[in-house]
Amino acid sequence: MPNQFQTHKPESSRLKSCIAYYYFDESDEENFAKSFVYYPHFNNALTIYKDSEIVLINPYSSIARPKLNCYSFGYSKLISSAAEAKLFAPFKRIGVVFLPLGLNHFVEGDLSNFVKAPVNNNFNVFKDSMLPILDDVFATNNIQSKVEMLDNYFLSIYKGFYDRKMQEAVDLLFRDDVKYSVEALAEKMKISRKTLLRMFKKHQNCSAIDYIKLIQFRKSIELFQNSKDRTTLTDLALSTAYYDQSDFI
């Protein structure tokens, strides 16, 4: 079978506010290998491999090699560097791509308690509760059936996330076409700088300034991708609140 990669959004309206989409990726083509680079993003993925073992070759890069009779769970947190992944066939994997604050709806306590390294190759937060359904999810070729089973699983462990100030901070950074400083964002939200820093550490497991830079970076990429005339780097930098082209680079 040549490499097949498919995506599908959750069907549940509740999950659509937490999960951007699922993806399904597999190949049993002899001697096939697949590699890709992924860049800092505010959407982060849980990846479940069937009959593969994930090995980290550095903090940001991983290799998945065949290993029978096992499931491997990987997760990449908010990263500040490009990362590379390589997969050797045969492989089957499922991805769950969470929206900003999406993972928080399914765990209790500080996110920093669950997400340690930039790329986690042994992310067991969902492993015990998810194992009973995985054989069935991987066995069917029907995408709707896969999505239905995953939806039912995540609805069964849904806890909700109710920190309104954290949600307000994220909404402001996405909505406003300015580059906030930590101080300016705290002032806008009418909270102390210390409270803001603590919120990001607790709920995003990163610093506020790193998250601000990440949003700005992704806005610039989206603007470039959607630009019909492929705007210059200088114009792109200024349009996304970088000081100048050097700052952007």
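Student: Which residue meets K67 in a salt bridge?
Tutor: For a salt bridge you want a side-chain nitrogen of Lys or Arg within 4 Å of a carboxyl oxygen of Asp or Glu. In this predicted model, the side chain of K67 has such a partner at 3.6 Å, N to O. That partner is E53.

Student: How many residues apart in sequence are the parts that K67 and E53 tie together?
Tutor: Strands (E, at least two residues) and helices (H or I, at least four) are DSSP runs, numbered from the N terminus. K67 lies in strand β5 and E53 in strand β4, so the pair ties together parts whose separation in sequence is 14 residues.
The book-keeping is simple: residues are numbered from 1 along each chain as its sequence is written, and side-chain values use heavy atoms, with hydrogens and water left out. As for confidence in this predicted model, totals for chains, interfaces and linings use all residues, side-chain atom pairs count only at pLDDT 80 or more, and local features need a pLDDT of at least 70.

Student: Is K67 buried or exposed, or in between?
Tutor: Buried means under 20% relative accessible area and exposed means over 50%, with partly exposed in between (1.4 Å probe, protein chains only). K67 comes out at 42%, and its partner E53 at 35% also counts as partly exposed. So the label for K67 is partly exposed.

Student: How many bridges join β4 to β5?
Tutor: Two strands pair if DSSP finds at least two bridges between them. Here β4 and β5 (residues 61-76) run antiparallel, form a hairpin with 2 residues between them, and place S52 opposite P66. The bridge count for β4 and β5 is 11.

Student: Which residue in β7 stands opposite I48?
Tutor: Strand β4 (residues 44-58) also runs antiparallel to β7 (residues 91-98), with 7 bridges joining them. Across from I48 you'll find I94.

Student: Which side chain makes a polar contact with the side chain of T47?
Tutor: A polar contact is a pair of N or O atoms within 3.5 Å; within protein, one must be able to donate a hydrogen and the other to accept it, and residues adjacent in sequence count only if both atoms are side-chain atoms. T47 lies in β4 and, at 10% relative accessibility, counts as buried. Its touching neighbours (heavy atoms within 4.5 Å), not counting residues up to four places away in sequence, include S72, F73 and R93. The polar partner, at 3.2 Å, is Y23.

Student: Which helix and strand does the salt bridge of D135 and K50 tie together?
Tutor: Their side chains meet at 4.0 Å, N to O. D135 and K50 sit 85 residues apart in sequence, so the pair links separate parts of the chain, namely α1 and β4.

Student: Which residues are linked in a network of salt bridges?
Tutor: The whole structure has 7 salt bridges, and one of them joins D25 and K34 at 2.8 Å, N to O. At 2% relative accessibility D25 counts as buried, and at 16% K34 does as well. The network consists of D25, K34 and R93.

Student: Which element gives the most residues to the largest nonpolar core?
Tutor: A nonpolar core is a set of buried Ala, Val, Leu, Ile, Met, Phe, Trp, Tyr and Cys residues joined through side-chain atoms within 4.5 Å. The largest has 30 residues, of which F98, F126 and F154 touch the most other members. Elements giving two or more residues include β2 (19-27), β7 and α1 (127-139). The top contributor, with 5 residues, is α2.

Student: What is the relative accessibility of F98?
Tutor: F98 is found in β7. Leaving aside neighbours within four places in sequence, its contacts include L46, Y75, L103, F126 and F154. F98 counts as buried, because its relative accessibility is 1%.

Student: How far does α6 reach from its first C-alpha to its last?
Tutor: The expected span of a helix is 1.5 Å times one less than its number of residues. Helix α6 (residues 208-226) has 19 residues, with A208, Y211 and I212 among those buried. Its reach is close to the expected value, at 27 Å.
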